[in-house]
Amino acid sequence: MIGLVYNEMLKMVRKKRLWVILGILVILIPIFTYAQAQTLERAAKQIGTSDWKVVLKQQIIDQQNRLTSSRLPEEWKAFIKLNIQQQEYYLKNDINPTAPGAPTFMRKFVEESVSLFLPLLVVIIAADLVSSEHSSGTIKLLLTRPVRRWKVLLSKYISLLFATSFIVLSTAILSYLLSGVIFGYGGWDLPVLSGFQEKNGALLTEFVHLIPQWKYLLMAYGLSWLACITVATVSFMVSVLVRSTASGMGIMLAAVISGNLLMQLSPTWGAIKYFAFTQLRLTDYLSGRPILIEGMTLPLSIGVLGAWSVVALIIAFVTFSRRDVLA
Amino acid sequence: MHSNHRLRWISIFAVAIASFSILLIGSIMSLIELFRPQTSNLQQSASQKAVSPSSPTVGRIVSLGDSLTRGIGDDSGKGYIQLFREQLQKSSKSEVSLVNLSVSGATSTDLRKQISQPETANLLKSAEIIPLTIGGNDLFRGSGRLENTDPETVEKARLTYQENIDFILKDIRKQNSKATIFVFGLYNPFGDLSEAKQTNEFVAQWNQTAQQVIAKYDRVVFIPTYDLFQLEPKRYLFTDHFHPNQYGYQRIANRLTQLVIDQEGMETK
């Protein structure tokens with residue numbers, strides 16, 4: 001079995017997809033870093049000071065002004081109100097939520113990329129994991145060996161889990177190394193607030209506590225990893241069901257992107273909670289960022305993601321063992 | 001060849017298992033964290049923080065008030081306050097900073113509440129110039145027409161306004177005894193309508209009220225705006241017929257700039 005897994009991982013390394021993903025990260029992260037630095041600089045310039053308290057206060061006031069707009073949908077109003085309460089809490093406790101430094105960038109980056117960017121990177125390697133064996137004709141070689149089919153598929157799945165972990169961790173490491181050039185490499189033990197809870201449109205702060213940033217990062221990347229594994233598992237199923245690389249990838253891209261779109265477009269439609277790709281923003285539970293969709297809780301998100309993964313795995317294994325490949 | 005193969009085997013598995021387990025640990029930690037919320041440990045740290053001296057905030061202009069200070073109606077989004085800052089910047093060598101704390105739609109009661117917040121107080125402490133517009137929403141209730149044509153209701157609102165503005169000025173003075181406060185008077189956006197006589201009277205009354213309160217304080221300047229919009233309201237008002245447009249704001253900004261530049265030593269700073 002270990003031999004099979006090794007074999008699959010070797011194939012993955014040889015296929016150079018992982019290197020393409022690393023390349024994408026190396027190119028994009030500096031761009032994000034630069035953009036972030038520009039935004040901070042511009043904000044500081046507009047107000048005329050880089051004192052974070054003043055900037056934060058101004059942000060709160062600006063959001064209060066947005067609230068007075070009559071064209072704003074109710075759910076956005078609730079979202080902004082919670083955001084304001086959280087920022088006021090930061091201000092009151094004298095904690096800068098955006099203290100500069102590479103670890104802060106890592107935190108912002110994972111919070112922003114967990115629903116779209118990271119899943120897309122995972123899709124790149126997962127969407128044709130099985131189907132590529134069809135297109136290259138190697139599936140026959142693979143299946144005519146005296147190994148049970150489920151073992152072949154399992155070894156592929158395990159290697160996919162490893163690759164997903166590798167991608168998430170590389171994102172973390174690369175975003176640290178690259179953004180540190182501008183922001184500096186310090187700030188691991190900066191205090192971060194966690195434990196915000198929402199109840200009936202009000203922010204509960206009784207469970208709010210400080211976490212050192214390194215621990216927060218470990219947890220945030222751990223949560224994004226769970227989200228990525230669901231994406232990987234569903235892509236894995238698609239790669240079993242669909243034989244062409246292009247359509248497999250197309251299906252997964254459409255699914256991930258529409259999950260993000262649905263979150264923005266129709267947060268009031270309760271049924272979208274049960275669509276796996278609207279549940280990817282697990283890090284929001286950690287940061288206490290208000291959640292736009294009504295009724296979303298952590299157990300529900302984990303449950304939905306878990307259920308999709310299990311069902312996808314069952315479908316993948318059943319289909320793969322019954323399929324007549326030699327025809 | 002064999003050792004090479006072995007090395008590759010080890011390195012691939014080492015990287016794979018290491019990344020897998022780090023993230024697994026992270027996700028388990030976060031699930032524990034999120035499913036079993038800890039009670040807050042903040043009280044302690046917050047009190048510790050309070051002892052340490054807060055960092056000095058630089059902010060020469062801190063503006064307060066309603067949609068006028070926000071700049072509603074100006075197509076460029078600047079409003080008088082940004083125009084004023086730009087003009088002041090031209091004659092100043094150091095950076096002119098601006099914190100705009102105005103909330104569109106605010107009444108004097110809202111501003112009174114806002115002033116009492118500790119963070120607002122902190123910002124006011126370091127201010128040198130405090131422009132403020134307030135009262136328009138008390139009198140005109142925000143949207144379009146004058147709703148309270150009943151003189152009694154208007155009179156009641158005026159008394160509240162009087163009390164609030166007194167409270168606000170007293171409070172700002174308590175935080176900051178040096179800054180110059182500029183209070184803008186009201187103008188009549190309905191001066192060209194049929195009820196102009198009545199509304200003009202109200203606006204005049206309210207402005208008088210404000211001036212009377214202001215007279216009690218040092219370094220508080222009343223800037224009239226009534227005259228600016230009196231003759232040709234259409235030209236200087238936005239299409240909502242309530243807020244100034246960019247030309248209107250330009251005129252308001254000019255008044256403020258004039259007064260500030262006149263101040264002793266301001267140009268050399």
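## Salt bridges, a buried strand and an interface

Across all its chains, the structure holds 18 salt bridges. Keep in mind as you look around that this is a predicted model. Let's start with a few of those bridges and then move on to the strands.

In chain A, have a look at E133(A) and K156(A), whose side chains meet in a salt bridge at 2.8 Å, N to O. E133(A) sits in helix α7 (residues 131-135) of chain A and K156(A) in helix α9 (residues 149-183) of chain A, so the pair ties together parts that are 23 residues apart in sequence. Both E133(A) and K156(A) are buried. They also have company: E8(A), K11(A), E133(A) and K156(A) are linked in a network of salt bridges.

Now over to chain B. The side chains of R112(B) and E163(B) form a salt bridge too, at 3.7 Å from N to O. Here the pair links distant parts of the chain, with R112(B) in helix α5 (residues 108-115) of chain B and E163(B) in helix α8 (residues 151-175) of chain B, 51 residues apart. R112(B) has 24% relative accessibility, so it counts as partly exposed.

Helix α8 of chain B is also home to D166(B). K216(B) forms a salt bridge with D166(B), and the closest N and O atoms are 3.3 Å apart. Because K216(B) lies in the loop between α9 and β5 of chain B while D166(B) lies in helix α8, this pair ties together parts that are 50 residues apart in sequence. Are the two partners buried or exposed? K216(B) counts as exposed, at 56% relative accessibility, whereas D166(B) is buried, with a relative accessible area of 17%.

That loop brings us to the strands. Chain B has 11 helices and 5 strands in its secondary structure, and strand β4 (residues 180-184) is a good one to follow. Of its 5 residues, 5 are buried, so β4(B) is largely enclosed by the rest of the structure. Which way do its residues point? T180(B), F182(B) and F184(B) point one way from the strand, while I181(B) and V183(B) point the other way.

β4(B) has strand partners as well. Strand β3 (residues 129-133) of chain B runs parallel to β4(B), joined to it by 5 bridges, and L132(B) stands opposite V183(B). β4(B) also pairs in the parallel sense with strand β5 (residues 220-223) of chain B, this time over 4 bridges. In that pairing, F182(B) has V221(B) of β5(B) as its bridge partner. To get from β4(B) to β5(B), trace helix α9 (residues 196-214) of chain B: together the three make a right-handed β-α-β unit.

Stepping back to chain B as a whole, 48% of its 269 residues are buried. Its accessible surface comes to about 13,700 Å², and carbon and sulfur atoms account for 55% of that. Take the contacts in chain B between residues at least 6 apart in sequence, and 77% of them join residues at least 24 apart.

Finally, look at where the two chains meet. 56 residues of chain A are in contact with 52 residues of chain B. The size of an interface is often given as the accessible area lost when the parts come together. Chain A and chain B bury about 4,600 Å² between them, with 68% of it on carbon and sulfur atoms. How many salt bridges are there between chain A and chain B? The count is 1. You can find a salt bridge between the side chains of R70(B) and D62(A), at 3.0 Å from N to O.

Methods
Residues are numbered from 1 along each chain as its sequence is written. Chains are lettered from A and ligands numbered from 1 in the order in which they are written. This is a predicted model: local features need pLDDT of at least 70, side-chain atom pairs count only at pLDDT 80 or more; totals for chains, interfaces and linings use all residues. Side-chain values use heavy atoms; hydrogens and water are left out. Buried means under 20% relative accessible area, exposed over 50%, partly exposed in between (1.4 Å probe, protein chains only). Helices (H or I, at least four residues) and strands (E, at least two) are DSSP runs, numbered from the N terminus. Two strands pair if DSSP finds at least two bridges between them. A crossover is right-handed if, with the strands pointing away from the viewer, the path from the first strand over the helix to the second runs clockwise. Contact means heavy atoms within 4.5 Å. Accessible areas come from the Shrake-Rupley method with a 1.4 Å probe; for residues, only the protein chains shown count as cover. Buried area is the accessible area (1.4 Å probe) that two parts lose on being put together, summed over both. A salt bridge is a side-chain nitrogen of Lys or Arg within 4 Å of a carboxyl oxygen of Asp or Glu.
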